[in-house]
Amino acid sequence: MAGSDLLQGSLDLLVLKTLQAGPLHGWAVSKRIQLLTRDVLEVNQGSLYPALYRMRDRGLIASKWGTSDEGRRIKIYQLTAKGRKALETERRSWRRFSGAVEAILAT
Amino acid sequence: MGFATRIWRKLCVWFVRENETEIDDELRFHLEREIEENRRRGFSEREARRRALMAFGRVENVKDEVRDVRKIARFLGDMVQDAKLALRSLPKQRGFVLAVILTLGIGIGGNVAMFGVLDVSLFRSLPYEQPDNLVLGRVTYEGQVGNTVSGPDFFDYRDQAQSMAGLAAITPFSVQATVTGVGTPERVSAPLVSVGFFETLGIQPIVGRHFAADEGEPGGPDVVILAHAYWQRSFGGDRDVVGNAIVMDGTPHVVVGIMPAGARFLTDADVWRPIRRGVDWAEARQFHNFVIVGRLGPGVPLAAAQSEADLISHQLADAFPESNRDKGLRLTLLHEALNEGVRSTLGLLLAAVGLLLVVACANVAGLLLVRGKARQSEMAVRSVMGAGRGRLARQLLAENGLLAIGAAVFGIVLAAWLQRGILAFLPMDSLGPIEARLSPGMLGSALMLTLLTVCLFGVAPAIRIARSEPATDLKSGMRIAGSRRGARVQSSIVVVQVAFTSVLLVVSGLLLRSFGQLQGVDPGFEAEGLLTAEVALPAGEYGDVTRRAQIFSQLQERAAALPGVVDVGLINRLPIRDDGGNVRVARPDEWGADGVFERLAYQRMVLPGYFEAMEIPLLSGRDVALTDDRGTSPVMLISAALARDLFADANPLGRTLGVDVGDEEPWTAEVVGVVGDVVPSSLVSGTDYSMYFSYGQRSPSSMRLAVRTRGESAGLVAALRSELGSLDPNVPLTGVTMMQDVVTSSIADRRSVMTVLIAFAGVALLLSAVGLYGLLAYDVSKRAHEIGVRVALGASLTRVASGILRRGLGLVCLGLVLAIPLSLVAGRFVQEMLFAVGVTDPLTFAGVAVFLGTVATLACSLPAWRAARIDPMEAFRAE
């Protein structure tokens with residue numbers, strides 16, 4: 001399974017998008033990204049958690065302690081209002097960016 | 001988002017965030033889910049774990065990055081977290097914690113106590129107005145600082161010095177007077193002070209006034225100022241006593257003022273009397289009875305005042321070459337002068353207690369190293385489980401910090417108690433009683449010391465952990481955990497301990513030896529069973545010298561008849577008990593020649609029978625007799641050494657000597673006897689020239705009784721009192737002491753310093769022994785396997801045990817060798833405190849080596865014995 005490196009800044013976008021569907025814990029976030037990209041993008045956990053903490057500090061996501069199905073204490077992340085706005089901005093700028101790259105590749 | 005919310009969020013980021021364990025929890029959860037999933041995919045347990053770990057990357061890196069996100073913000077929280085963890089882990093190691101806190105606490109406590117002693121003694125402010133301007137004036141002879149200044153010299157300095165805002169004098173030794181008419185007759189301390197004395201110090205009377213100028217001139221009225229305590233004690237604090245007269249030494253003295261509580265300079269006083277120019281101990285330039293205290297004029301530096309004093313000294317030397325040729329006046333800041341005596345003592349004790357702290361720290365460092373090794377596996381496990389090395393190191397540091405704080409708290413409690421003990425022990429109350437208290441300085445020093453100790457013993461193990469490789473540590477397990485380097489560090493710690501302890505022991509040993517020498521000094525008389533007391537006749541009522549002689553010889557007769565009394569002697573000043581009174585003595589042909597100043601002898605007035613009572617041998621000639629009175633020609637006895645100095649081998653009997661009694665012409669007397677030498681002033685000064693005159697011819701009003709007793713002397717004092725009371729009810733018997741106590745207390749200061757130092761050395765020795773024991777015991781437990789193999793292969797038990805012993809004693813020897821140069825340096829500092837013992841005293845050095853060697857052997861033999869008892873089978877099974 002050849003995981004591609006994520007482009008700088010795109011991890012934040014993926015995390016935000018993943019959380020848009022609802023609150024998740026860290027492991028689920030990484031699994032979901034992997035699943036949705038059909039294993040093309042493998043999130044390096046080494047960057048996931050720092051990103052989660054960073055985004056929380058910026059107020060894009062919030063965290064709270066919850067309980068897993070097995071009764072374990074887990075930390076659950078969810079989008080904040082600010083995060084939702086950021087997701088929109090990020091999504092638009094990503095579209096613009098990828099569209100531009102696509103345009104070049106199509107020539 | 002509003003500004004306030006943003007600030008709030010920032011604050012949250014800083015202070016309200018999940019702690020380290022929560023991150024751990026989250027990451028561990030992630031890891032476990034990953035492993036779980038891999039397992040479900042069909043990987044073996046091992047492979048599942050490997051893949052998960054690989055995917056995750058190094059746990060620590062993740063955490064580091066997480067941490068990096070908010071590095072500064074996390075710092076505080078981490079510290080709290082570290083402390084919490086440490087608090088949780090420490091109680092599980094109760095023995096270790098107790099050992100560290102006790103050891104370090106003793107080290108810190110001792111030091112803080114000494115700082116406290118310094119703080120309340122050296123650095124306290126003097127109880128006078130603007131004390132920094134005050135100077136102490138002492139006489140110098142050819143530049144050497146003596147002590148007291150003569151009265152006439154003082155008056156000249158006072159009248160001529162322009163740079164001083166005030167110059168005053170006081171008798172620094174005990175001067176007493178008898179007060180009658182207020183209850184029973186009482187001896188009071190009545191120092192003489194110059195007019196202007198209290199103004200110079202800046203002490204104002206609470207009732208009445210200062211001495212007036214005319215009260216310091218010859219023929220001035222008899223007046224006194226009362227001390228607060230005496231006023232309360234004898235007059236119940238009645239203010240009306242001012243203006244009334246009290247009868248002192250048979251003469252009425254008018255009370256002119258009362259000083260506030262605590263007013264004091266050098267000696268305790270009940271009343272102060274003014275010095276009258278030319279009388280009252282201020283008759284002649286060769287009688288040095290006063291110390292000078294002066295206040296520098298505004299803005300005048302000490303050097304300027306000193307050069308002015310030098311100028312006056314020169315003028316005096318020109319005007320009175322006979323008495324002032326080599327004399328000068330040395331001005332020293334009062335604060336410094338008063339601390340001169342104790343500074344070296346305190347310095348010594350401070351150095352000793354510093355060494356003790358180093359020894360204590362070394363012990364704790366040794367303990368930590370051993371424990372660090374024992375915990376290496378634990379640390380490795382935790383490291384693999386996801387705790388970062390930095391994190392582990394920090395946690396160790398936090399644990400050590402907590403230990404140090406515990407030790408500091410214990411140390412401060414100990415210090416408060418020790419300080420009281422040391423202050424009670426050390427003679428430092430020349431300015432009045434010192435109150436022991438915990439000062440901010442002490443707490444500050446405790447803080448500094450604690451930080452220092454953490455640095456000394458706490459950081460090294462933390463660095464070790466930070467550098468360690470968890471994988472190898474885990475693999476190697478306990479057996480190889482004690483690396484060669486670690487063992488070396490530990491060994492050198494023990495060597496340092498032994499060396500420093502030896503230095504402490506050597507210095508204590510030197511002091512102990514000099515104390516022994518001092519106790520062995522032959523005072524020239526028999527102190528055992530000798531009761532001493534003082535009888536002072538009121539000079540006013542006993543103006544007639546024949547009346548004095550009569551009452552004293554009657555007292556002698558009656559006292560000798562009391563049961564239990566063997567002999568009774570009377571002298572105006574008893575050896576060791578009463579210092580002072582040494583004057584020039586010379587053959588008639590020597591007067592006026594150079595060198596006459598050099599020969600001083602203690603002059604004493606005795607009644608017949610004194611030498612017998614004291615058991616001072618009469619070597620030749622005869623004792624004084626009652627018939628040697630004013631009607632016959634003056635006679636004297638001299639001590640053997642003085643006789644040799646004056647007459648070499650010639651017979652001194654029948655020769656005439658001149659004694660300087662302050663008149664133009666010397667007092668001449670014929671030598672009728674030679675007696676054994678005695679120690680007149682102090683054991684340290686040793687025997688000195690003495691001369692004795694007949695009381696019938698020279699008759700002071702105050703005499704000392706020397707009563708040679710036999711067996712039980714209980715009730716004797718009461719009997720003596722009643723005999724004296726029947727002769728004259730107005731004459732009190734005071735200062736009753738056994739001569740043996742006088743001798744003992746005269747060297748009590750030395751004993752105190754020595755005892756404190758020995759206590760420090762003892763604790764250091766104990767710590768070193770424990771350190772040595774710990775090292776070897778650990779060594780044995782670590783090498784149990786190896787020893788087991790050797791025993792199984794046929795090594796004899798003695799060989800095993802002696803190997804351990806050799807290792808321990810080898811370190812001790814190294815420490816001892818190291819201690820020799822250190823001790824020689826340390827000896828230099830105590831040189832002036834030594835008596836008849838050299839710094840290189842071989843007996844002390846050998847004694848310390850043997851003593852320390854014995855203790856060390858004991859400390860080593862237990863582990864050695866244990867090594868010899870190792871059962872090979874047990875050792876293998878334990879693996």
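## Cores, sheets and a few odd phi angles

Setting aside neighbours within four places in sequence, Leu504(B) touches Ala352(B), Leu355(B), Phe760(B), Ala761(B) and Ala764(B). The model here is a predicted one, and that little cluster is a handy way into it.

Leu504(B) is one of the residues with the most contacts inside the largest nonpolar core, alongside Leu356(B), Leu757(B), Phe760(B) and Ala764(B). That core has 104 residues. Which helix gives the largest share of the core? Helix α12 (residues 334-374) of chain B does, with 18 residues. The core also draws at least three residues from each of two domains of chain B: domain 2 (80-128 + 342-482) and domain 4 (483-520 + 744-879). There is a second, separate core too, with 64 residues, including Leu537(B), Val565(B), Leu574(B) and Met605(B). As a general backdrop, nonpolar side chains in soluble globular proteins tend to be buried together.

### The two chains in outline

Here is how the chains look on paper.

| Chain | Residues | Helices and strands | Buried | Contacts from residues 24 or more positions apart, among those with a separation of 6 or more |
|---|---|---|---|---|
| Chain A | 107 residues | four helices, three strands | 28% | 51% |
| Chain B | 879 residues | 27 helices, 25 strands | 43% | 83% |

### Chain A: an open sheet with a helix across it

Along the sequence, chain A reads α-β-α-α-β-β-α. Its three strands make an open sheet in the order β1-β3-β2, and the pairing is antiparallel. Strands β1 (24-25) and β2 (61-67) of chain A stand at the edges with a single partner strand each, so one side of each has no neighbour in the sheet.

How many bridges join β2(A) to β3(A)? Seven do, and strand β3 (residues 73-79) of chain A runs antiparallel to β2(A). One of the bridge pairs puts Gly66(A) opposite Ile74(A) in β3(A). Lying across β1, β2 and β3 of chain A is helix α1 (residues 10-20) of chain A, which runs at about 100° to β3(A).

### Chain B: strand β10 and its partners

In chain B, strand β10 (residues 245-248) pairs with β5 and with β11. Strand β5 (residues 176-180) of chain B pairs with β10(B) in the antiparallel sense over two bridges, and Val179(B) has Met248(B) in β10(B) as its bridge partner. With β11(B), β10(B) pairs over four bridges, again in the antiparallel sense. There, Ala245(B) has Val254(B) in β11(B) as its bridge partner.

Which side chains of β10(B) point to the buried face? Ile246(B) and Met248(B) do, whereas Ala245(B) and Val247(B) point to the other face and are not buried. So Met248(B), the bridge partner of Val179(B), belongs to the buried pair by the cut-off of 20 or more other C-beta atoms within 10 Å.

The hairpin of β10(B) and β11(B) has two residues between the strands, and Asp249(B) in this hairpin takes a positive phi near 50°.

### Two more positive phi values

Most residues other than glycine have a negative phi, which makes the next two worth a look.

Leu266(B) has phi near 65°, a positive value in a residue other than glycine. Leu266(B) sits in the loop between β11 (251-258) and β12 (271-274) of chain B. Is this leucine buried or partly exposed? Leu266(B) has 17 C-beta neighbours inside 10 Å, so it counts as partly exposed.

Glu615(B) is the other case, with a positive phi near 60° in a residue other than glycine. Its place is in the loop between α19 (610-614) and β19 (618-621) of chain B. Because Glu615(B) has 19 C-beta neighbours inside 10 Å, it also counts as partly exposed; the cut-off for buried is 20 or more.

### A helix crossing in chain B

Helix α18 (residues 545-561) and helix α21 (residues 716-727) of chain B have axes that come within 10 Å and cross at roughly 145°. The crossing of α18(B) past α21(B) is right-handed. On the α18(B) side, Ile551(B), Gln554(B), Leu555(B), Arg558(B) and Ala559(B) take part, and they meet Leu720(B), Glu723(B), Leu724(B) and Leu727(B) in α21(B).

Technical notes:
Residues numbered from 1 in each chain as written. Chains lettered and ligands numbered in written order. Predicted model: local features only at pLDDT ≥ 70, side-chain atom pairs only at ≥ 80, totals over all residues. Buried ≥ 20, exposed ≤ 12 C-beta atoms within 10 Å, placed from the backbone. Pairing = 2+ DSSP bridges. Contact = placed C-beta atoms within 7 Å. Axes fitted to C-alpha atoms, helices over the stretch in contact; angles between N-to-C directions. Core = buried A, V, L, I, M, F, W, Y, C linked by C-beta atoms within 7 Å. Domains from an automatic or database assignment. Left-handed = near helix turned anticlockwise from the far one by under 90°.
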